[in-house]
Amino acid sequence: MKWNLIQTKVLATLFACLAAGVCGILILMQYSFARNTQALALEAVTGSQKLFSILEAREISKMTAVSDALLMDTQVRDALAAKDRGRLLELTAPLYTKLKSEGITNWMFHTPAPNMAVLLRLHNPAQFGDKLNRYVDKEVVRTDALVSGNELARAGFAERIIRPVPDAKGGIAGYVEFGEELGQFIHAMKTQTGNDYGLLLSKKFLDRKLWADSSGIWKRRDNWNDNANFVVADKTTASENILRFSGDLSAVPAQGLVLDRYKDGDSYFVRGIFPIHDAAGNTAGAMFVVHDITAVYTAMRQTEKILLLVILVCLLIGTTLVLLLLNKLVFKRLKHIIRIAGRVVGGDFETEIKVSAMDEVGQLEELFEQFRQVFVSTLEQVTGMEEKSERESSHITSAAAD
Amino acid sequence: MSQLYDLKILIEKTIEAKGLDAVDTKGKIALKSGRLLAFISPSSPDDPVYADKLKQAIKDVLNVNA
């Protein structure tokens, strides 16, 4: 390959453009994919956050309706006013079995203020008499009205409602509380969205010993030391790899945060996280969202391959066409001029250069044909003069000899 | 005969022996050596400088050492 030839330079330039074009398109596709995955992750986070809010509202509504029905039961009301734990248990235990199957995992009765304490735990009747002193407890005493919200107990996080139970005289017989473990929300969310979720609880709101004890009771692995700032209360996947977050839960913005994209086996995921606030407004935990983008990723890669192939074929066809065109319009005609120039000086004075088109090369052909005619004419004159001179010289020589 | 004419004869014989296009080949040699071969005759005076150029052209075009 001769690098001084225009043909070579044009070819090299076209291939450089081809390579640059392919690289540019690949970069553009990567950028587009990154933006799309970012959008998918954001959609997964915001969608999950909305779904979580809807589930929260729905469950609060359900627990409120149950409590409304319960407050109409005078036997329950009287048993609570009399602080008759045995009677209360007898009256409510059958209902608790049904409510538990509907997701209400916690049900408690509390004695009235000022010495508010647990009178009965339907979900753990053996444990009673303790003072919880939580935000919702203080609020229900302060407002004498229904209080709802997420409350992080020392070993778990539950959505709760607590409300006063009036006695027959118009006073307060005590308080009734219903709660649903937030962990069960994530399984419902997974069913609806297909995403995987992890409920993260901030360690600063938890008690280490209670967490270990509750892990034993619920037969779950004590995962306290898995992460620095939080524990995973529940998750919808068996994989330990996907729930990774090194930041501070309290720093997660209210609208959520999109995290990195990652690969696990043959699957690709995007991750995000949104905060979960307790009844007092503290960021007590967060929901980790994992959205599977394998199908999108595979389709994108497939499209990328097809696009790349199409572009390569188009560019190759384009390059070939440009070269063919250049060859026909320029290189072939230049070679013809060069060949004729060689033949003229080689003695062929007859072959003319025909102007094939009135373009730039055509102008050169015209100029060269004019030059050829001048050259041939001059050569004929010089040759004629030389022959004449030789004849005269020969004539003089023979005359002198005579 | 002159040295230049000897070279011209060599060119013509080689072209014939190799079956080359005479006009094309002579044209290439003329362009490389800088003069028309048609002007070389038996009476052409010796010109060492031109002779060297012609020999080099013969070598380049015909691949023959003159």
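Helices here are DSSP runs of H or I with at least four residues, and strands are DSSP runs of E with at least two. By that count, chain A of this predicted model has eight helices and 10 strands. Of the 402 residues in chain A, 39% are buried. Among its contacts between residues at least 6 apart in sequence, 60% join residues at least 24 apart. The points below cover a five-stranded sheet and the helix packed on it, a set of strands around β10(A), a pocket lined by both chains, and one buried residue of chain B.

**The five-stranded sheet of chain A**

- Five strands of chain A form an open sheet in the order β2-β1-β5-β4-β3, and the pairing is antiparallel.
- The edges are held by β2 (118-121) and β3 (147-153) of chain A; each has a single partner strand, so one side of each lacks a neighbour in the sheet.
- From one strand to the next, the twist averages 30°.
- Helix α1(A) packs on this sheet and touches β1, β3, β4 (156-166) and β5 (172-181) of chain A.
- The direction of α1(A) makes about 30° with that of β4(A).

**Strand β1(A) and its two partners**

- Strand β1 of chain A spans residues 106-110 and is joined to β2(A) by three bridges, the two strands running antiparallel.
- Across this pair, A:F109 stands opposite A:L120, and A:M108 has A:R121 as its bridge partner.
- With β5(A), β1(A) pairs in the antiparallel sense over five bridges; in this pairing A:W107 stands opposite A:F178.
- In a regular strand, side chains alternate between the two faces of the sheet.
- On one side of β1(A) are A:N106, A:M108 and A:H110, and on the other are A:W107 and A:F109.
- These residues are all buried, so both faces of the strand are covered, buried meaning under 20% relative accessible area.
- The count for β1(A) is five buried residues of five.

**Strand β4(A) and its two partners**

- Strand β4(A) is mostly covered, with 10 of its 11 residues buried.
- On one side, β4(A) pairs with β3(A) in the antiparallel sense over seven bridges, and A:V147 stands opposite A:I162.
- The pairing of β4(A) with β5(A) is also antiparallel and runs over nine bridges.
- Here A:I161 stands opposite A:F178 of β5(A); A:F178 also stands opposite A:W107.
- β4(A) and β5(A) form a hairpin with five residues between the strands, in which A:G170 takes a positive phi near 90°.

**Strands around β10(A)**

- Strand β10 of chain A covers residues 283-292; eight of its 10 residues are buried, so the rest of the structure largely encloses it.
- β6 of chain A, residues 196-202, pairs with β10(A) in the antiparallel sense over six bridges, and A:L199 stands opposite A:M287.
- β9 of chain A, residues 267-277, pairs with β10(A) over nine bridges, again antiparallel, and A:P275 stands opposite A:A286.
- β9(A) and β10(A) form a hairpin with five residues between them, and A:G281 in the turn has a positive phi of about 95°.

**The second largest pocket**

- The second largest pocket has a volume of about 400 Å³.
- Its lining includes A:L5, A:I6, A:Q7, A:F331, A:L334 and A:K335 from chain A.
- Chain B contributes B:D24, B:K28 and B:L31 to the lining.
- The elements that give two or more residues to the lining are α1 (6-71) and α7 (294-345) of chain A and α2 (22-33) of chain B.
- α7(A) provides the largest share, six residues.
- By type, the lining residues divide into six nonpolar, two polar and four charged.

**B:I11 in chain B**

- B:I11 lies in helix α1 of chain B, which spans residues 3-18.
- Its relative accessibility is 0%, and B:I11 therefore counts as buried.
- Leaving out residues up to four places away in sequence, B:I11 touches B:I29, B:L37, B:L54, B:I58 and B:L62.
- Of these contacts, B:L54 is 43 residues from B:I11 in sequence, and their C-alpha atoms are 9.9 Å apart.

Note on methods:
Residues are numbered from 1 along each chain as its sequence is written. Chains are lettered from A and ligands numbered from 1 in the order in which they are written. This is a predicted model: local features need pLDDT of at least 70, side-chain atom pairs count only at pLDDT 80 or more; totals for chains, interfaces and linings use all residues. Side-chain values use heavy atoms; hydrogens and water are left out. On a 1 Å grid over the protein atoms alone, a cavity is a set of points where a 1.4 Å probe fits but cannot get out, and a pocket is an open set with protein on both sides within 12 Å along at least five of seven lines; lining residues have an atom within 4 Å of a point. Grid points are joined across faces, edges and corners, and a volume is the space filled by probe spheres set on the points. Ala, Val, Leu, Ile, Met, Phe, Trp, Tyr, Cys and Pro count as nonpolar, Asp, Glu, Lys and Arg as charged, and the others, Gly among them, as polar. Two strands pair if DSSP finds at least two bridges between them. Axes are lines fitted to C-alpha atoms, for helices over the stretch in contact, and angles run from 0 to 180 degrees between N-to-C directions. Contact means heavy atoms within 4.5 Å. Buried means under 20% relative accessible area, exposed over 50%, partly exposed in between (1.4 Å probe, protein chains only).
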